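User: Please take a close look at one part of this structure. I want to know how a buried helix sits against its partner, and what lies around that pair.

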Amino acid sequence: MKSGYEYTATGKVFHLNSQGAASNSNAFSVAGIDNNFTEPAIAVVHVDGNNSLDLLYESHNITATADGATLTTVTLKDPVYPFFVDLFYKTWKEEDIIEQWTSIYHKEKGEVILNKYASANLYLYNKDYYLTSYNGSWAREMQPVVTPLRQGMHTIESRLGTRENLLTSPNFMLSLDGEATETSGTVMMGQIAWNGNFSLQFETDVYKNLHIVAGINPYQSAYHLKPDISFETPRFVYTISFEGVGKGSRNMQNWIRNRTLIDGKGDRLTLLNNWEATYFDFDQDELVALFKGANELGVDMFLLDDGWFANKYPRDHDRAGLGDWEPNHKKLPDGIPYLVKEAGKQDVKFGIWIEPEMINPKSELYEKHLDWVLRQDNRPEIYFRSQLVLDLTNPEVQDFVFGIVDNLFTENPELAFIKWDCNAPIFNGHSKYLEKRNIPQSHLYVEYTRGLEKVLKRVRQKYPKVPMMLCSGGGGRTDFSLFRFFTEFWPSDNTDPLERVFIQWNFSYYYPAMTMCNHVTNWSNKPLKYKIDVASMGKLGFDIKVNELNETDLAFCKNAIANYNQFKHTVWHGDIYRLQDPYDNDFASLMFVNDVKSEAVVFNYLTNWRYVAETTVRPIKLQGLDPSKKYKVTEINLYENQRELIDPAVIYSGDFLMKVGINPMVNLSRTSVVLKVQAI
């Protein structure tokens, strides 16, 4: 083949270079006809057994949507088979966000097998690509890895079925034309918004062009599509910033608050949780005593965690009871209504923990409804945290899971909060429901995810405003699609505040602070002030026994909560600016600025406990302020007799604070410093 030769097939023209490689720039690459040079976005087997596909442009349509976006729909059709793909591009001008997804359908006389069905297919003609992805495990969530993309394939994926973010994240950050910084460079960042197995493929060709295919992971998920039924893929959500990572991050956070998150412009509840204070070992009287502590602290709510249910197999540990959602008579003789009432007497709201998708083999539900469990009859059961997964492809199981929530609210109309956990991935996945209906088991992963969404839609239709937390063992579920149903998420079970500085830092690239639940616990030996300051960078909570605090610590907690209540809306709804990266420095610094630039909160944390010379701590240049405004800077959350080193009488211009900066004076005796910046 010679350079410049053309090849024509069913009306399609593409060029071959001197090496015989095609110039691939199709909007949606196909398998089986002309695209053997790069990864396909779609692969099918037609009713007649033919596994080729060709997609040609047929039409397009551009409309304004009711929610303020522009939707472009491009219809593609195979010229031989009545097989169609609609490509959707939804663009948000104000937030600079793009959502891409596809709808696949056909009119063949039988079932077409979809072996791959991506949401998006992109080509980038840049060079020097650097991909940031996030690996992890329990208590080590969102650990960043930067990979220079050379020729070949790099894939980010999950095959866990549930709790899909346990080992890797659907989020990515792609620097184009060299590594981007917080304030400079070109960067693409986003995620595949799917609460199930996902795949993000980044393929760099010999010419340094980058080919991206994003969507549901086709791993063991061949889908048999009937005629005249549309298969809609999840959204691939991304932004491109030409002003560095910070701008892209603010785009993403604004879009989530404005367009996706339930009550994204509203409030969140501060809380006291009993989990790390009591674990499974508590009774009714002990909980009521904790309500008094919640009142004394000044938080909004008490959250009852795991261990409150099951009788035949009491939930006294994590090996029994899951699935039997009646209050334990020994621990709670007067039931949940009594606790809700007693919490109300202390002027605090009451919330509760559930894990409705899971089951312990040691439970009455397991004994009665073995056919509701995802398991292989002829193989040993494999447990994760001593539990298995219920079959949410089954409408009866969907009714059961919805009923857990509905019964709690029916019996307790004043119930104020749900913490929804999900700890086990799917092992030996086999659905009796699919088997009885002759539906291929390869539909399991897709239909499980759809089944969960059906349940959550029912919950939100009946209880549209109740706050709900995504827990999932910490960070196991954080995709944007679930923010249609949840108000917040639990980033990690690791509540060591030093570790949380890093974990929350990485989550902050993609999620608003108001979505991140941060609790003060006894996990580490760091000072109480450090713990509260770190937890104040999101939705503040406590996992402590208030009656065990000494007078000084209790007074500090109450004062810090009062301060938090004054600045929390700036943290929740303001623009974030990461000022000093803890991965490259001895301390971390970031700030939140409200929309009118009249208030900012700057958080500073020591992250290196080795000796740090005072001369190495330099002024931090602030960002996001109005250069023409005058500001005063006040240090808040001072512990007991701690001396304030920032002079509140000095007035600064915004221009000065952004060009010269201010020294928070973080050191071994001042390990965390919170500054409030106010316009005068």
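Analyst: What follows covers one helix pair, then the nonpolar cores, then a few loop residues.

The model is predicted. Start with helix α10, residues 528-535. Eight of its eight residues are buried, so α10 is largely enclosed by the rest of the structure. The buried residues are L528, K529, Y530, K531, I532, D533, V534 and A535. Note that K529, K531 and D533 are on that list.

Now the partner. Two packed helices are described by the angle between their axes and the distance between the axes. For α10 and α11, the angle is about 20° and the axes are 11 Å apart. Angles under 35 degrees count as roughly parallel, and α10 and α11 are therefore roughly parallel to each other. Their crossing is right-handed. From α10, the contact uses L528, K529 and I532. From α11, it uses D553, F556, C557 and A560. By class, this contact has five nonpolar residues, two charged ones and no polar ones.

Next, the cores. In soluble globular proteins, nonpolar side chains tend to be buried together. Here the largest nonpolar core has 126 residues. Those touching the most other members are L304, W308, F350, W420, F542 and F603. Helix α11, residues 551-573, gives this core its largest share, nine residues. Apart from this core lies another, of 45 residues. I42, Y129, I156 and F236 are among its members.

W308 deserves a closer look. Beyond its neighbours within four places in sequence, W308 is in contact with F282, W325, E326, P327, N328, L332, I336, I352, W353, I354 and L408. E326 and N328 are included in that set.

Now a loop residue. L390 sits between β23 (388-389) and α6 (395-411). L390 is buried, and its relative accessible area is 0%. Leaving aside neighbours within four places in sequence, its contacts include P356, E357, M358, I359, L365 and W372. V373, L374, V397, F400 and Y448 also touch L390. H60 is 330 residues from L390 along the chain, and their C-alpha atoms are separated by 42 Å.

Two other loop residues have a positive phi without being glycine. S386 has phi near 60°. S386 lies in the loop between α5 (364-368) and β23, and is partly exposed at 26% relative accessible area. N438 has phi near 55°. Its loop joins α7 (432-436) and α8 (444-462). N438 is exposed, with a relative accessible area of 73%.

Technical notes. Residues numbered from 1 in each chain as written. Predicted model: local features only at pLDDT ≥ 70, side-chain atom pairs only at ≥ 80, totals over all residues. Heavy atoms only, no water. Core = buried A, V, L, I, M, F, W, Y, C linked by side-chain atoms within 4.5 Å. Buried < 20%, exposed > 50% of the residue type's maximum accessible area, 1.4 Å probe, protein only. Helix = DSSP H or I, 4+ residues; strand = E, 2+ residues; numbered from the N terminus. Contact = heavy atoms within 4.5 Å. Axes fitted to C-alpha atoms, helices over the stretch in contact; angles between N-to-C directions. Parallel < 35°, antiparallel > 145°, perpendicular 65-115°, else oblique. Left-handed = near helix turned anticlockwise from the far one by under 90°. Nonpolar A, V, L, I, M, F, W, Y, C, P; charged D, E, K, R; others polar.
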